[in-house]
Each structure stands twice: as C-alpha cells, then as structure tokens.
Amino acid sequence: MATEEIRVRGTVQGVGFRPTVYRLAKACGLLGDVCNDGQGVLIRVSGSEEALTEFVARLQTECPPLAKINQLTRIPYEGNFNFNNFVISTSVSNAIKTEITPDAATCPQCQQEIFDPFSRFYRYPFTNCTHCGPRLSIIRAIPYDRTNTSMSAFAICPECAKEYHDVENRRFHAQPVACYACGPSAWLERADSKSVTASMFSMLDDVDAVCTLLQKGEIIAIKGLGGIHLACDATQETVVQKLRQRKKRYHKPFALMARDIEIIEQYCSVNAKEKELLTSSAAPIVLLQATGKKVAPSIASGQNTLGFMLPYTPLHHLILRRMNRPIVLTSGNLADEPQCIDNDEAREKLRAIADYFLFHNREIINGVDDSVVRVIGDKVQTIRRARGYAPAPISLPLGFHNIPQILAMGSELKNTFCLLREGEAILSQHLGDLENAAAFNAYQETLNLYLNLFEHKPEVIAIDKHPEYLSSKLGKKLTDTNQIPIHQIQHHHAHIAACMAENGIPLDSPPVLGIALDGLGYGDDNTFWGGEFLLADYRKFQRLATFKPVAMIGSEQAIYQPWRNTYAHLVATNLWDDYQQQYADLEIVKFLKNKPLKLLNQLIEKKINSPSASSVGRLFDAVAAAIGIYRDECSYEGQAAIAMEAIVYVSSLNNDKETLIYPFNFSFSDSIYCIDPRPMWQALLHDLQQQIPQQVMAAKFHEGLANAIVEMVKHLSQENLISQVALTGGVFQNCILLQQVTKRLEKLGIKVLTHSLVPANDGGLSLGQAVIAAAQLIHKY
C-alpha cells in the first residue's frame, strides 16, 4: 500500500473536478480525501501502486468538460492519515495560485431541463451545473465557493442541497446551483415605471413576454450574465435605427443573437470551425460571411460580415424560444461607456434608450463583455477576448517559469491588463477605451479586483512608453506608491512579443522579424510609429524598416476624417500641384480643393497638431477616402478600412497578374529602409481617371500592399538571418491582407506567426509588455 499527496493545478475549481476525483477514487478502491485550496486541488490518497496509477491516468483522460490540468505532481504523504473511506473535505484558504474559470454557456443537459415540463428547472432562467453557468462574473474571492460569490445572498433549498451533496449528480458542489424555490428571479419593468405583467401579453411569464415585445418592435434592456444588453428585432430597420439614435452608436456594427444554428444559416454561411465556436462553452460572437436573407440594412452598414452568437444562458434560451429571426444584442450603454451591470445604474442610464427592462436580482460582481472571434483559413483569430475566455491563463513559453510577479498595464484603447506569475499570464477581459472616464474607473476597479482575487503583489510594473496614456500614468503612480521598479515598453515591440509568447517561442530563441502594422504607437525616437519591421527577441529590438511617415493633420481628427490622410499622403508625394492640374476633374481632387488647403499646409509645415506617423492604419484610411469610401467622416477608428476590405473581390486576389498590384517604392536612409507609397498614388489616381471599379482598386491596393511587405521581408532576409516572421497589430485583423502576406511568406519557406489566443490589436498588448519586462529582469539578474 502507498499513501500519496497529489497536487493538481489548473482550471480545477467550480468545474466538477472534485466530484470526478471522488468517483474515480471510489472506482479504484482508494481511501483519502480531496479539497479545494488556494493552489488548486489537493488529493490525499492511499491504495495499491496499481490502483494509484490507474487513478492518476483516468483523472487526466476523464477530466470534466470545463476543467484543464496544467500540472499534476505526486509525492509521498508524510502526515497523519486517518481515512477509512474517500471523502470531499472542506476548502482550505491559503496562498492563491489557482485559476478562475471563465463564465460558461448553458450545457446541453441544462438546456434540456429548462424546456422539460416535468423538470423542476422547467423555464427557470438561472439553471446551471458544474458544466456551465456563471463563474468570473459572480466571484468575489478564491476559493470558488458559494460564500465567495454573489450567490451567497440566496440560501440553498433542500432540493438543491440534495443535488449539491449527491456525488452522482452533475450539480454536486456546483456553487451557483439554484431553482425557483431558492434562487434568483427575473422580472419585467417598463422604462416609464408603469406596472407591467406577463399576463398583459398572455405569456407564460415575464421572460416569455420579452419575446412578444421584441416581435412588436420594442427595445428591451436585458440583464444577462456579465452585463446588461440592449435588444431589438434585427429584421426591423425602423427599430434598429431607433436604437442607434437613442444609443448614439450611429455606424458601428451591432452584434446579433439567434435561437439556433439553423436560423443563423439563413443569414450567413457557417463552416465547421465556425459552428464549433458558436456552440462551444465560450459561445463568442463569431464574424460570419453574410449570405441569404438580409437583416436590417443598418445592422452592419458597409460590411459583408455579421457578428452572430447563440444563447449562452437559460434566460436567453427562454427569450428566444419563439423567435424565428435574429435579434440585436448589444452592450447596454451609451456609445464608448462601459456596459451597465447594476439594475439602478441601468434605470438611470438606459431609460432613454430602452422601452422595457428585464432585470434579475443576482448581482454581477465583475462586468464581462461578449468575446468576438473570426475564422481566417483554418485558424481562429480573437478580436475581443472577454466572456468565455477570460481570465483563463495563457501558459508561457520555456524560460518564463522562475520570474517575479509582474503587472502590465496595457494600452489606452481596447485595454486589457496582464498579471504574470510563475509560468502563466492572466489577461483581464476586454475593458475598452480608457479615454472615457467611466471606462477608466471600471479599469481601476477591475484591476483591484484581480489583484485581490489572485493575491497578486507586483514586484515590477510594465507600461507603454506613450507619456499620455492613462494606463501608463496609473502604472507610474502605483510604482511610486509601492516603491517598485517600472519598465517602459515600446508599443510595437510589445505587439511582437505578445505574438511570440502565444506561439510558444522560448525565452532565449533567436530574434524573429516582427511586422507590426496599426494606427500608431509611441516610437523610441519620440515620433509616432505604425508600420514597423523590427528584428526582435523578448529583451530588445532593432528597427530595420518602416513605412514613410506622413502627417496626421489635426492629430486625432485624422482618425475620424479620412480625407485628411488622403491629402497628407498626396502632399507627401511632392506632386500635389501636378495632380491638381492633371486630375482636376477627379471627385477627390475637387473635394480636397474645397478644404482650407493653405491652413492645412501651414499645419503640416510647422507641425502644428499634425505629427508625422508611419501608420499603415492611416494609409488604409487615405486610400479608402480617395476611392470614395467614408471620405468625409467616420464614427469609429478603422471604419473606412473595414468597409474597403468588404468590397474587395476576393477571387481577384488569387490572380497573379501584375496589373492587379499597385506598386510601392523602397528606399534607404538614416540606417533604415522605407516603403514609400508614392507610385501607388500615381497608379490609383490614374485608375480613378479611367473610372476603374471601386472594388478593383481596393483589391489592387490590398494586393500591392501585401506584395510590398513581402518584398521588404525578402530584402531584409539578405542582410539578416530570418526564419520566422510575426504578423501583429490591428491592421492584421484585415483578413485579406493577413492571408495574402501569410501565403506569400510561406511560399518562401518562412514560418509565419500570427495571433489566435489574444487579439492582434491593442487588446493583446499587455501580454507583450509583461513578457518583455520579465525577459529584461531575467537578463539583468
């Protein structure tokens, strides 16, 4: 007989792991106990060597659906062992090294129960078990026990307690377990405070009444899992426009929810990988190619994709039971503000938007937005990492296991922060744009929650080099208060390091060539970068090439008025005077000549609020405006570029004829290579004069840009040893550009690293900041 202590680390709390341990130990005839503690799950067990070996093997092969074992260690047990059975013991509080499970979509068994008239969970909107339900959104502290969640407000009833203690039941030790008798409840309110009941609509209950209200063209605020959403019928243009006007979200696409895959397939094509994502426990919004039936035109104006998700809580399943068409399900907020999570907050902020509220009384502790993903080729690309994925840790590559605790503060836009501890990175959920005061407050609150949940005491803080980022300023304040070192990390180096880390590149690997294309980031020369070729490892980088810097006239105004970028690029060619004469009849030239060009020229020449930037994001805007796409104004960054991508004839991109490629120049000065779009502009203006179709010009730009990037890589490879290229930055969320560059590089025998686990945009930046700081510390000591 042998007696062992088995330590299991990973996603092992709140996922039915202890019941699995219990059942397997019983099946193998073992004695002992299992408990949760701050490090994960601790098992003390005694039995024959054969039985212990079988037990450990089965533990890994029969792991519960939501569980993930990162590490399992076995050592002889030296303490007192007084067990004559196998039991589940009370949780132990100690140093926290365990994980918090992401919120999980309703499992098939719970779905079946809520629609079964003979089940005690029939039509209960908060049905859950160890395979599904709230996790991050309701947790206050670790270990993950009911007393440490917002479910502590609900005393468990005898029926639920029976299932909770029944080892054969899938609700065994399911912390949020509840039913009509003891759990949260939902109710319907009118925004004007007048009384309302489901009986007014001849419906089963208040939740069922929401479906009728949606069908009638009403806007409903629905409190869900990690926040409050605004919903309406996605096929009624009048109500969709009403929602846009009330919410002040005039153009940005709305997310959609449909009852099942069959309804989604009426509006979009869905391949096997996309279906797998839609039906996964994460249940993200998946960007799908729009085909077939049409939703309301203003759902996703100027785009050829729709963002669909399936119901991920019993509440949503019940609302959509009778809904044979999609609904809009967008964040319950005014434009750019954080999503509301509290009933009173929603009553105050959303009463001018929603006609009705569907509330419940389970408190949301931690607001979590919906995740957004898309499939490019056969690979998943994460665009927004939140519900269903955060805060599941990301395992770090070889070399990052003996490191101090590090906090990385992230960027200004699409912010996440990152906690680094031994061997893993914990990224927060998407927290939005910190330039909004409410978003910055939510960022600070979430940061404090994570630091407390994980008992994380940073020994180093990593920030972006941009001196005006609020996240950087807060990082400096924290280092001053706590007297700890600070590492300032260059923006594009962080993008590349994040891509390297999620692809498992070991710490001491040779440098990769990172191509970071985005809106802009603060460069080491105190200028703005945004189209960079960096030879980089985790500790340092060398800037080998860039795109020609061009003025951003009016600074931030250039993001929202694309014509400013067109004019700046045309002036940068030094041929604007010639263009005015040669192409005087072109619409874009006439448009620009009506602008205050004398003033604009002064801003450029004197660099007044018009910094130079090597931004590929602004190059996309400039081209889009030139060919007539959102020329005058955009309501969100990248709108023009996304619309231009949508109109490209993808089939034409498979044509290798040179006529389908806009040319770019290459030059070398000040020890750096430069990609100059001057010949591209000459060719594009000629095409405009020849009235070449808009979509063909968009295709030629994409193809030409991809070709220029790859030609630069070929040139740099002659002078540097390059075997791997990392593609990163928000511009590489462009599906066409990513595929074209990847295909061409792989033809050259170069391994291409791209993003999947974390966004290519600034949502992944904090991971890169954290691993760079860690690498620099390891190098120092």
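This report walks through some salt bridges, strands and helices of the structure above.

## Before we start

This is a predicted model, in which local features need pLDDT of at least 70 and side-chain atom pairs count only at pLDDT 80 or more, while totals for chains, interfaces and linings use all residues. Residues are numbered from 1 along each chain as its sequence is written, and side-chain values use heavy atoms, with hydrogens and water left out.

Helices (H or I, at least four residues) and strands (E, at least two) are DSSP runs, numbered from the N terminus.

## A sheet of five strands

Let us begin with a sheet. Strands of a sheet pair through backbone hydrogen bonds, either parallel or antiparallel. Here, two strands are said to pair if DSSP finds at least two bridges between them. One open sheet has five strands in the order β4-β1-β3-β2-β5, and its pairing is mixed. The edges belong to β4 (68-76) and β5 (86-88); each has a single partner strand, so one side of each is left without a neighbour in the sheet. On average, neighbouring strands of this sheet are turned by 15° against each other, direction ignored.

Look inside the sheet at β2 (residues 31-37) and β3 (residues 40-47), which pair in the antiparallel sense over seven bridges. To see one pairing for yourself, find D33, whose bridge partner in β3 is R44.

## Helices across the sheet

Two helices can be placed against these strands. Contact means heavy atoms within 4.5 Å. Axes are lines fitted to C-alpha atoms, for helices over the stretch in contact, and angles run from 0 to 180 degrees between N-to-C directions.

Helix α1 (residues 17-27) lies across β1 (2-11), β2, β3, β4 and β5, and runs at about 175° to β5. Helix α2 (residues 49-61) lies across β1, β3 and β4, running at about 165° to β4.

## Strand β10 and its partners

Further along the chain, which strand runs parallel to β10? Strand β10 (residues 285-289) is joined by three bridges to strand β14 (residues 372-376), and the two run parallel. In β14, I285 has V372 as its bridge partner.

β10 also pairs with strand β11 (residues 305-309), this time in the antiparallel sense and over four bridges. There, L288 stands opposite L306 in β11.

## Salt bridges

Side chains of opposite charge can pair when their charged atoms come close. A salt bridge is counted when a side-chain nitrogen of Lys or Arg is within 4 Å of a carboxyl oxygen of Asp or Glu, and this rule gives 37 salt bridges. One of them links D208 and R321, with the closest N and O atoms 3.5 Å apart. D208 lies in helix α5 (residues 206-215) and R321 in the loop between α9 (314-319) and β12 (327-331), so this pair ties together parts that are 113 residues apart in sequence. Are these residues buried (under 20% relative accessible area), exposed (over 50%) or partly exposed (in between), using a 1.4 Å probe and protein chains only? D208 is buried at 2%, whereas R321 is partly exposed at 32%.

Another salt bridge joins E276 and K273 (3.9 Å, N to O). These residues are three apart in helix α8 (residues 272-278), about one helical turn. E276 is partly exposed at 48% relative accessibility, and K273 is partly exposed at 32%.
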